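Me: Let's go through the salt bridges here, one pair at a time. Keep the answers short.

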Amino acid sequence: MSFSDKHKQEIIDKGLTLQAVNKQIERFKSGMPFMNLQSAASVGNGILSLTDLEKKKFSEYFSSQKDQLNIVKFVPASGAATRMFKFLFEFLKSYDPKKESINAYSNKNNQNELRLFFVGLEKFPFYNLLLERTRAIYPDFDTLSSDERGVLLVRTLLDEDKLNYSFYPKGVLPFHKYEDSIATAFEEHLYEAALYATTNQVAKLHFTISKAHQAVFEKEFEAIKKAVEEQTQITFKVSFSYQDERTDTIAVTPDNQPFLDAKGSLCFRPSGHGALLSNLNAFEGDLLFIKNIDNVVVSSFVDEVAEYKKILAGVLLEAQQQAFSYLEELENELISEERVIEVARFLQRKLNVIISPEFEKYSLKYQIEYLETKLNRPIRVCGMVKNEGEPGGGPFWVKDEGGHLSLQIVESAQIDTENKQQLSILKNATHFNPVDIVCGIKNYKGETFDLSKFVDHNAAFITAKTHLGKPLKALELPGLWNGSMAHWNTIFVEVPTDTFNPVKTVNDLLKIKHQVV
């Protein structure tokens with residue numbers, strides 16, 4: 001692709017190279033390969049279902065070990081809350097209170113979300129502030145019709161010169177209303193971390209945020225730090241990082257030409273959560289918990305959530321300890337053929353690694369090398385909930401270009417839904433990925449893995465977006481828990497749906513796990 005001098009400079013200013021950008025454009029032209037699904041993972045076929053006794057064992061094992069570990073809770077939190085209010089923006093754009101009632105508009109346009117929003121308005125944690133601010137801005141508010149009042153409340157909530165909630169990241173919006181306080185998702189993550197992500201009464205949390213929002217997060221932390229520490233008797237160490245701009249990718253038009261904005265400049269877009277691999281790669285912790293910013297609950301439900309975090313961590317520690325023990329034996333090559341078979345079985349039964357059918361034909365020396373390569377990898381234990389129609393990724397057995405089977409978390413955008421067989425596998429999936437992950441990122445010598453070496457770069461995907469109403473194509477890097485962890489050792493564990501309570505739209509705040517009864 002031939003770029004003008006102006007565009008070349010824009011690429012350089014981004015910290016990118018012409019070669020890298022041209023390579024991205026070639027990917028748009030050639031298209032990214034779809035994942036080759038072999039079957040959906042299910043209980044007994046890649047997903048572990050634990051008995052009550054096993055849950056107790058793993059939870060207690062983690063609790064007995066955690067004070068010897070360096071634990072970090074890693075929370076992707078950079079997204080603005082715009083999508084939470086999408087249906088309200090549509091309402092403001094198309095509704096006229098002089099022509100019809102809100103109820104008639106909702107019925108005519110099948111706007112169930114809008115109807116629910118107004119029915120539940122007084123239960124939102126921001127209701128009192130919203131009402132107070134609206135009355136201050138519109139002195140005649142109480143004299144207006146209910147439909148006119150509804151419009152003004154939504155305007156106050158969203159307008160840039162008013163509350164402007166869609167501008168802020170989800171993490172600092174009011175999520176939960178308690179008797180004497182309003183809690184943000186950020187605050188709830190601190191309380192939750194106090195129950196499991198601590199070492200000797202210290203909890204480390206790391207939030208990936210947009211640079212523009214750091215001051216807002218720091219102000220929130222300063223406002224709540226003393227109260228949370230006094231209540232939990234935990235000291236909190238909170239850090240922040242940004243998605244590196246050098247991981248942004250160029251946007252193109254539908255016919256794969258560079259997309260230009262209104263000023264004629266190249267358009268670059270953040271490349272999805274896969275770009276956060278470099279943030280994750282900067283840590284040296286023994287154990288990392290990964291959880292999305294909007295997946296929190298009110299305090300009365302947090303104990304169950306925390307208990308399953310301990311269970312997942314216990315599963316990881318037990319498997320990791322056994323893997324480390326085997327690796328030490330393999331390194332010394334003082335190992336019998338019977339023991340080699342035992343290690344292979346451990347890989348297959350505990351870590352879901354498919355051993356080559358040629359394995360038994362290998363020489364002992366090559367068997368040892370093969371097992372070392374398979375064992376000496378980062379390990380992740382991922383909670384999986386029963387599929388109840390939530391959008392997003394799920395657990396599947398996938399075959400790569402070399403014909404090797406592995407357990408992967410796959411996004412719907414990575415699946416060829418035009419292929420009947422692939423679509424059938426997708427539709428028959430029993431479980432969903434709630435981003436409930438525990439990671440072990442050190443090897444058996446205590447050295448931190450270079451996580452960039454375990455990425456499947458072919459697992460990037462192309463998505464359709466718009467900019468100022470114009471269609472474009474965007475390239476997303478292999479997702480953090482998708483292709484970026486493709487070559488990790490993986491254990492999937494079934495967890496209750498009660499542990500998954502995301503806030504994708506503002507109405508999700510009306511659900512029981514976000515309401516103080």
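Me: Is Asp52 buried or exposed?
Reply: The model is predicted. Asp52 has a relative accessibility of 63%. The cut-off for exposed is over 50%, so Asp52 counts as exposed.

Me: Which residue forms a salt bridge with Asp52?
Reply: The partner lies in helix α3 (residues 52-65), as does Asp52. The two are 3 residues apart, about one turn of the helix. Their closest N and O atoms are 3.8 Å apart. The partner is Lys55.

Me: How far apart are the closest N and O atoms of Glu60 and Lys56?
Reply: Both residues lie in helix α3, 4 residues apart, about one turn of the helix. Glu60 is partly exposed, with a relative accessible area of 44%. Lys56 is partly exposed too, at 48%. They form a salt bridge, and the closest N and O atoms are 2.8 Å apart.

Me: How many residues apart are Glu192 and Lys291?
Reply: Their side chains meet in a salt bridge, 2.7 Å from N to O. The pair links distant parts of the chain. Glu192 is in helix α9 (residues 185-193) and Lys291 in strand β12 (residues 287-291). The separation is 99 residues.

Me: Are Glu192 and Lys291 buried or exposed?
Reply: Buried requires under 20% relative accessible area. Glu192 and Lys291 both fall in that class: buried.

Me: Which residues do salt bridges with shared partners join into one network?
Reply: Side chains of opposite charge can pair when their charged atoms come close. Here, salt bridges share partners and build one network. Its members are Lys14, Glu245 and Asp248.

Me: How many salt bridges does the structure hold?
Reply: The pairs Lys55 with Asp52 and Glu60 with Lys56 are among them. The structure's total is 26.

Terms used. Residues numbered from 1 in each chain as written. Predicted model: local features only at pLDDT ≥ 70, side-chain atom pairs only at ≥ 80, totals over all residues. Heavy atoms only, no water. Salt bridge = Lys/Arg side-chain N within 4 Å of Asp/Glu carboxyl O. Buried < 20%, exposed > 50% of the residue type's maximum accessible area, 1.4 Å probe, protein only.
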